[in-house]
Amino acid sequence: MARGIARIREHKDGVMEYLMKEINFLSDTATLPSPEMRQAIFDADMGDDVAGEDPSANRLEDMAANILGKEAALVVSSGTMGNLVASLSHCERGDEMIVGQLSHINRGEGGGPSVIGGISIKALEENASGLLDPDQVKSSIHPDNFHYPKTAMIAIENTHNATGGIPLTREDTKVLADVAHQYDLPIHVDGARLFDAAVALETPAAELVKDVDTVTFCLSKSLGAPVGSVLCGSNEFVNKARRWRKVLGGGMRQVGVFAAAGIYALENNINRLAEDHSNARRLAKGLSGISGISIDLDKVRTNLVFFEITKGSPSEISRRLSEKGVRGGSPETRWRFVPHYGINSDDIDRALDVIESVLREY
Ligand SMILES: *Cc1c(COP(=O)(O)O)cnc(C)c1O
């Protein structure tokens, strides 16, 4: 249930067992709606969004466009759908899009642009902050020649997940936006965690995406909503995107049922992301003091905490932690722990105790 509340199990004989709350660091998608957000969902005005008549969806779209300084916005079911709809709206069959090799679009979305859109993906290596090299981007843009797939779009990620949740500044983004626009190409930001970047950099989100054409952000991660993402851009772009969303089966009816949660999230949950970031620092600092853990504290800038465990077997450690109520992933490569709305600073301290006690066994 809500944050901080342990579950209570009643046995047949009437004995009550108080179960410790599981601390789930697997992802910020693990957040559950707060009682206030559930109330907002309960009270939501609804209508048929395919007909443009869901007042909550319309209000969420207006708010999102406003907050990001774009003309229009479109509610979509997920970040993956937002990025896919953006690709389909910017590119045609046979076109190519340039993305980072470690980007979510390249690695975590099932190859959607290629599978659905006939769009090839050109993946370039990022630097340690998740930034593409502008010169390499330039040299990867194909000249107009029918031998080549036509370069039609560039996409970047903010914050960049795989390199540790580093927030990209407006200047970082502008360098790449300038390259894109020099070649008349649109540039898209996969901003699944854009508001984490905005809070960490103490910069309005609109400023961070001022120089780009389109942006997706997730309501269902640290903003705490159960479902949904929003895609923003020009009126013309959003009209195209609305068509592609329908084609993909993403035209939904009484969307207010989750748009109300999104409105609540934008009104109440942006500034509190700072709490996740401070919990991430607290966790990272604690981990750095545990024998057998290697972590680069300078890289912990938002809510993602990556580290390595230099002893024991990852799957066994993971199982032992989970038995003691602490879940995190992914032990195949680096460990990633993500503090979020459902985790407070006491939970961080308890998790550190558990991690230390488990690692002491090795
Ligand atoms: C989670 C995530 C997405 C996709 O979001 P879903 O809602 O899970 O489809 C896209 N990009 C990044 C960087 C993400 O972390």
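This is a short tour of the structure, going from the whole chain to a small sheet and then to some charged pairs.

**The whole chain**

Start with everything shown, and keep in mind that this is a predicted model. The protein has 14 helices and 14 strands. Its C-alpha atoms fill a box of roughly 70 × 50 × 35 Å along the principal axes. For 362 residues, a compact globule would have a radius of gyration near 21 Å, and the protein agrees with its 21 Å.

Now switch on the surface. The accessible area comes to about 16,300 Å², and 48% of that belongs to carbon and sulfur atoms. Of the 362 residues, 52% count as buried. Among contacts with a separation of 6 or more, 72% are made by residues 24 or more positions apart.

**A three-stranded sheet**

Next, select residues 293–294, 305–309 and 335–337, which are strand 11, strand 12 and strand 14. Together they form an open sheet with the order 11-12-14 and antiparallel pairing. Which strands sit at the edges? Strand 11 and strand 14 do, each pairing on one side only.

Zoom in on strand 11 and strand 12, which pair in the antiparallel sense over 2 bridges. Pick Ile293 and you will find its bridge partner, Ile309, in strand 12.

Add residues 273–288 to the view. This is helix 12, which packs on the sheet and touches strand 11, strand 12 and strand 14. The direction of helix 12 makes about 15° with that of strand 12. Then add residues 314–323, helix 13, which lies across strand 12 and strand 14 and runs at about 25° to strand 14.

While you are here, click on Trp335 in strand 14. Is Trp335 buried or exposed? At 3% relative accessibility, Trp335 counts as buried. For a distance check, draw a line from its C-alpha atom to that of Lys299: the two are 36 residues apart along the chain and separated by 14 Å.

**Charged pairs across the chain**

Side chains of opposite charge can pair when their charged atoms come close. This model has 16 salt bridges by the rule used here.

Select Arg245 and Asp49, whose side chains meet in a salt bridge at 3.6 Å, N to O. Arg245 is in helix 10 (residues 235–247), and Asp49 is in the loop between helix 1 (35–42) and helix 2 (55–68), so the pair links parts of the chain 196 residues apart. Both ends are covered: Arg245 is buried, with a relative accessible area of 3%, and Asp49 is buried too, at 2%.

Move on to Arg59 and Glu267, another salt bridge, with an N to O distance of 2.9 Å. Here Arg59 of helix 2 reaches Glu267 of helix 11 (residues 256–268), 208 residues apart. Arg59 counts as partly exposed at 42% relative accessibility, and Glu267 is also partly exposed, at 49%.

Then select Arg242 and Glu61, which meet in a salt bridge at 3.9 Å, N to O. Arg242 lies in helix 10 and Glu61 in helix 2, so this pair ties together parts 181 residues apart in sequence. What is the exposure of each partner? Arg242 is partly exposed at 31%, whereas Glu61 is buried at 7%.

For the last stop, select Arg319, Arg320, Glu323 and Glu361: salt bridges that share partners join these residues into one network.

Conventions: Residues are numbered from 1 along each chain as its sequence is written. This is a predicted model: local features need pLDDT of at least 70, side-chain atom pairs count only at pLDDT 80 or more; totals for chains, interfaces and linings use all residues. Side-chain values use heavy atoms; hydrogens and water are left out. Two strands pair if DSSP finds at least two bridges between them. Helices (H or I, at least four residues) and strands (E, at least two) are DSSP runs, numbered from the N terminus. Contact means heavy atoms within 4.5 Å. Axes are lines fitted to C-alpha atoms, for helices over the stretch in contact, and angles run from 0 to 180 degrees between N-to-C directions. A salt bridge is a side-chain nitrogen of Lys or Arg within 4 Å of a carboxyl oxygen of Asp or Glu. Buried means under 20% relative accessible area, exposed over 50%, partly exposed in between (1.4 Å probe, protein chains only). The radius of gyration is taken over C-alpha atoms; the globule rule is 2.2 Å times the number of residues to the power 0.38. Accessible areas come from the Shrake-Rupley method with a 1.4 Å probe; for residues, only the protein chains shown count as cover.
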